[in-house]
Amino acid sequence: MPHSRRILTYAIAAAAAVTAGVVLPTGACAAAPRSATSDFNGDGYADLAVGVPDGTVGGQAKAGYVNVVWGGPKGVGGHGSIRVTQATPEVPGTPEAGDRFGASVALTDLNGDGVAELLAGVPGEDVTDRGRDAGMVIAVGGSETGPGPGSTVLTGPSPSAAYGTSIAAADLTGGGNKTIVIGGTDKVVARVIQGEDSMVTTVVAAPMGGRAPVLATGDFDDDGTADLAVAYWTAGSPSTQSHVRLWKWDAARSEMANFWNTDNAGVTALAAGDFDGDGRDDLALGECREIADENIDDPCGPERLAKGGGVHVHYGSPEGGPFGRRAQTLNQDTAGVPGVAESGDRFGAALAVADVDRDGRDDLIAGAPGEAVGSEAGAGAAWLLRGGAKGLLDAGGAATSVAWNQDTPGVPGVAEAGDAFGAAVSGGDHNADGVPDVTVGSPAENASLGAAWLLPGGSADGSAAFSPRTLGLPYLSTAQKYGKPLSSH
């Protein structure tokens, strides 16, 4: 249980060096020429947060931890890392079995000082006077010397509320301060920070099928302020329903207001990016499947393109036009997408965005953890789908993309059944060379110890794998499932 319900202060102070559980960087790094919103230690390089909610801490199974992997000239994996747990000084709480600290993670610069804070969800946290698995979200300050003071962002209000199953953060109010969005059981809430004050508002409360609500942020109405995308679905209990909804801040009413919906679409992942380069954010729906009694609005595009998992993209519209009026759908049967669509591939189960080719149009990184590689079922794969003038598909309906798996030349390892390579993906410029890198998680690698792969500049050339073993983290024979979730910005 948390020692106290400390309130998040917007300026998180730096702290003295924390040595417990720390794997020190290997050698000093010269200051990088670019800043990064995910820079946790203030050296100018984008870092990577790996949530390990199934990790054992102090003998407590699934107490969970977060591994912050340092960026540097070699990218992530080559410069050491730190392990943040509820046993880390100043981090609220105590490691307890089933807490699942790190079930959701985000690295984000909350106060604009150039150093990121770590947000970590703890959905299994038992909270005094609120019950078992009420859950909580913790913010941990970054600094040059290690993790700074931690604060409780919010605790769940009741047993099984499971706050922290998902997290997002962005300036949703347009005031320059971040709003922290928290997913729990059948609920999404937002902690809105406005100067010295803050408030908590419910975004949506509805049956969500026992799944973590899917969250993403982007400026979908082109008004210069970020909006919130929320996806959730149920199947038969208490009824079959599914929604992808967009919300914006209503200053007059001090609450989030729903302004766009697509119903009957169940999705596993969301990602926002400008895939056609028109200056307006688009929204990608990953592993989109239609969940409805009747096909009313083709929520995931043509049904044949949902086989094996499809990616359905709603595009931003010219100023004054409705969001999502134009859409594209693709899967592994789409021209230009390597592979063949097969049931169980889970194409699009993980999504991330980065302009890897630096052409001013965002590219989409998509994982398919169920993909068979040769005869190895569920070995998993990931794709880089390049943005273009028309979006992810050209005028002829074809994509431009590249795929990777552990049998791809240059990618370390061997594709084995059940590895789930592609269960998590992220993009970030970890070596500060101006070209985003791709990171792919494989939580079932090595008997579910787990690992992650760095693909520098979105290329198999020079790619490298890292895991609890290579980073010197403590690990046991129990499954750690390292590599999911990932967050670099």
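The following exercises, each with a worked solution, concern a predicted model.

**Exercise 1. Strand S3 and its surroundings**

Task: Determine whether strand S3 (residues 65-69) is largely enclosed or open to its surroundings, and identify the strands with which S3 pairs.

Solution.
Step 1. Buried means under 20% relative accessible area. Five of the five residues of S3 fall in this class, so the strand is largely enclosed by the rest of the structure.
Step 2. In a regular strand, side chains alternate between the two faces of the sheet. In S3, one side carries Tyr65, Asn67 and Val69, the other Val66 and Val68, and these residues are all buried; both faces are therefore covered.
Step 3. Strand S2 (residues 48-52) pairs with S3 in the antiparallel sense over five bridges. Within this pairing, valine 69 of S3 is the bridge partner of leucine 48.
Step 4. S3 also pairs with strand S4 (residues 81-84), again in the antiparallel sense, over four bridges. Here arginine 83 of S4 is the bridge partner of asparagine 67.
Step 5. Arginine 83 has a further contact with S3: arginine 83 lies over the face of tyrosine 65, at 4.5 Å from the ring centre.

**Exercise 2. The sheet S5-S6-S7-S8**

Task: Describe the open sheet of four strands and state which strands stand at its edges.

Solution.
Step 1. The strand order is S5-S6-S7-S8, and the pairing is antiparallel.
Step 2. The edges are formed by strand S5 (105-108) and strand S8 (150-155); each has a single partner strand, so one side of each is left without a neighbour in the sheet.
Step 3. On average, neighbouring strands of this sheet are turned by 20° against each other, direction ignored.
Step 4. The partner of S5 is strand S6 (residues 117-122), which is joined to S5 by four bridges in an antiparallel arrangement. In S6, leucine 118 is the bridge partner of leucine 107.

**Exercise 3. The disulfide**

Task: Locate the disulfide, give its handedness, and decide whether its cysteines are buried or exposed.

Solution.
Step 1. The count comes to one disulfide. Cysteine 288 and cysteine 300 form this link, with their sulfur atoms 2.0 Å apart.
Step 2. The angle about the S-S bond is -70°, and the link is left-handed.
Step 3. Cysteine 288 belongs to strand S19 (residues 282-290), whereas cysteine 300 lies in the loop between S19 and strand S20 (310-315); the two are 12 residues apart.
Step 4. Cysteine 288 has a relative accessible area of 2% and is buried. Cysteine 300 is likewise buried, at 5%.

**Exercise 4. Salt bridges**

Task: For the salt bridge of lysine 481 and aspartate 54, establish which parts of the chain are tied together, then examine two further pairs.

Solution.
Step 1. The model contains 13 salt bridges by count. In the one between lysine 481 and aspartate 54, the N to O distance is 3.7 Å.
Step 2. Lysine 481 lies in the loop between strand S29 (464-466) and strand S30 (486-487), and aspartate 54 in the loop between S2 and S3, so parts 427 residues apart in sequence are tied together.
Step 3. Lysine 481 is partly exposed at 38% relative accessible area, whereas aspartate 54 is buried at 9%.
Step 4. Aspartate 126 and arginine 132 also form a salt bridge, their closest N and O atoms 3.7 Å apart. Aspartate 126 counts as buried at 17%, while arginine 132 is exposed at 59%.
Step 5. Arginine 289 pairs with glutamate 287 at 3.6 Å between the closest N and O atoms. Arginine 289 is partly exposed, at 23%, and glutamate 287 is buried, at 10%.
Step 6. Salt bridges with shared partners join Asp54, Arg100 and Lys481 into one network.

**Exercise 5. An aromatic pair**

Task: Classify the ring geometry of phenylalanine 220 and phenylalanine 323, and place both residues in the chain.

Solution.
Step 1. The count of aromatic pairs is six. The ring centres of phenylalanine 220 and phenylalanine 323 are 5.5 Å apart and the planes stand at 65°, so the pair is edge-to-face.
Step 2. Phenylalanine 220 is in the loop between strand S13 (214-218) and strand S14 (227-234), and phenylalanine 323 in the loop between S20 and strand S21 (326-330); the pair therefore ties together parts 103 residues apart in sequence.
Step 3. Phenylalanine 220 is buried at 3% relative accessible area, and phenylalanine 323 is buried at 8%.
Step 4. Phe220 and Phe323 form one aromatic cluster with Trp260.

Conventions
Residues numbered from 1 in each chain as written. Predicted model: local features only at pLDDT ≥ 70, side-chain atom pairs only at ≥ 80, totals over all residues. Heavy atoms only, no water. Buried < 20%, exposed > 50% of the residue type's maximum accessible area, 1.4 Å probe, protein only. Pairing = 2+ DSSP bridges. Axes fitted to C-alpha atoms, helices over the stretch in contact; angles between N-to-C directions. Disulfide = S-S within 2.5 Å. Salt bridge = Lys/Arg side-chain N within 4 Å of Asp/Glu carboxyl O. Phe/Tyr/Trp six-rings, centres within 6.5 Å; stacked < 30°, edge-to-face > 60°. Lys NZ or Arg CZ within 6 Å of the ring centre and 35° of its normal.
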